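Me: I've got a structure open and I'd like to talk it through with you. Can we go piece by piece?

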Amino acid sequence: MPNYRRFKREGGCYFFTINLAQRDSSLLVGEIAALRTAYAKTLKQAPFRCDAIVVLPDHLHAVWTLPAGDSGFSERWRLIKSRFSHAVEGSFGRSASKQAKREKGIWQRRYWEHLIRDEEDYRRHVAYCWANPVKHGLAERPADWAFSSIHRDIRAGRVAAEWAERSPDGAFGE
């Protein structure tokens, strides 16, 4: 059995990728209200700063900064995933393992996290969140995608409405 290790830093800043089990699903945008509720309840219970987030049909990316003295991002994601799962109606394909653990079968069990190293790493991962709908062909410009924190940052004047960032090879982020 694999030995998963998560590098936890109190007050750390992290980039996350969270996937649905069915990668051809559109459940996250179809049930965006349930996801927003699960997210807001978790944020109220266990505060953190959401630096960037983008929700796509079958996965999401986020950049979070945890409070000083706190490294508990795993519990926060467990709460978000659990609350969303309980709120969503439907039948989802479940393996015997997921049935045995009483999982609804919506989420991939694991997720990817990356501890942000410095300001450049932070900037690139925030830009990756914003640009991801373009990368997946869901929007022409980052601001055209409704389920992104770029709108909050445009309103706050932290980024221009016409923002789009591409590396010379046409890829976004790392």
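Me: What kind of link do the side chains of R141 and D144 meet in?
Reply: This is a predicted model, so the values here are computed from it. In it, a side-chain nitrogen and oxygen of R141 and D144 sit 3.1 Å apart. The cut-off is 4 Å, so the pair counts as a salt bridge.

Me: And are R141 and D144 buried, partly exposed or exposed?
Reply: R141 has a relative accessible area of 35%, and D144 comes to 41%. Partly exposed is the range between the 20% and 50% limits, so R141 is partly exposed and D144 is likewise partly exposed.

Me: D51 and R49 also meet in a salt bridge. Which of the two counts as buried?
Reply: That bridge is 2.5 Å from N to O. R49 has a relative accessible area of 47%, so it is partly exposed. At 7% relative accessibility, the buried partner is D51.

Me: How about D121 and R117: which one is exposed?
Reply: Their side chains meet in a salt bridge of 3.5 Å, N to O. D121 is buried because its relative accessibility is 2%. At 56%, the exposed one is R117.

Me: Which residues are linked with R152 in a network of salt bridges?
Reply: For context, the count of salt bridges comes to 9. The network that holds R152 links it with D153 and R158.

Me: Let's move to the aromatics. Why is the pair of F16 and W77 called edge-to-face?
Reply: A pair of aromatic rings is described by the distance of the centres and the angle of the planes. For F16 and W77 the centres are 5.5 Å apart and the planes stand at 65°. Since the limit for this class is over 60 degrees, the pair is edge-to-face.

Me: How many residues apart are F16 and W77?
Reply: F16 is in strand β1, residues 13-19, while W77 is in helix α3. The pair links distant parts of the chain, and the separation is 61 residues.

Me: Are F16 and W77 buried or exposed?
Reply: F16 has a relative accessible area of 0%. W77 comes to 1%. Buried means under 20%, so F16 is buried and W77 is too: buried.

Me: What is the angle between the planes of W145 and F147?
Reply: W145 and F147 form an aromatic pair, 5.5 Å centre to centre. W145 counts as buried because its relative accessibility is 11%. The pair is edge-to-face, and the angle between the planes is 80°.

Me: Which residues form one aromatic cluster with F16 and W77?
Reply: The count of aromatic pairs comes to 15. The cluster that includes F16 and W77 also takes in Y14, Y39, F48, W64, F73 and Y111.

Me: Does the length of α3 fit or miss what a helix of its size should span, and what is the distance between its end C-alpha atoms?
Reply: α3 has 15 residues, so at 1.5 Å a residue it should span 21 Å. The end C-alpha atoms agree with that, at a distance of 21 Å.

Me: Which elements do the buried residues of α3 pack against?
Reply: The buried residues of α3 include F73, R76, L79, I80 and F84. They pack against β1, α1, α2, β3 and β4.

Me: S85 is in α3 as well. Which side chain does it join in a polar contact?
Reply: S85 counts as buried because its relative accessibility is 12%. Its side chain makes a polar contact of 3.2 Å, and the partner is W107.

Me: On to α2. Are its buried residues on the same side or on opposite sides?
Reply: The buried residues of α2 are I32, A34, L35, A38, Y39 and T42. They cover an arc of only 160° around the axis, which puts them on the same side.

Me: Which residues are exposed on the other side of α2?
Reply: The buried residues of α2 pack against α1, β2, β3 and α3. On the other side, the exposed residues are A33 and K44.

Me: Last one: what percentage of the residues of the protein chain count as buried?
Reply: The chain has 6 helices and 4 strands, running β-α-α-β-β-α-α-β-α-α from the N terminus. Of its 174 residues, the share that counts as buried is 45%.

Methods
Residues numbered from 1 in each chain as written. Predicted model: local features only at pLDDT ≥ 70, side-chain atom pairs only at ≥ 80, totals over all residues. Heavy atoms only, no water. Helix = DSSP H or I, 4+ residues; strand = E, 2+ residues; numbered from the N terminus. Buried < 20%, exposed > 50% of the residue type's maximum accessible area, 1.4 Å probe, protein only. Polar contact = N/O pair within 3.5 Å; in protein donor to acceptor, adjacent residues only side chain to side chain. Phe/Tyr/Trp six-rings, centres within 6.5 Å; stacked < 30°, edge-to-face > 60°. Expected span 1.5 Å × (residues − 1). Contact = heavy atoms within 4.5 Å. Arc of directions from axis to C-beta.
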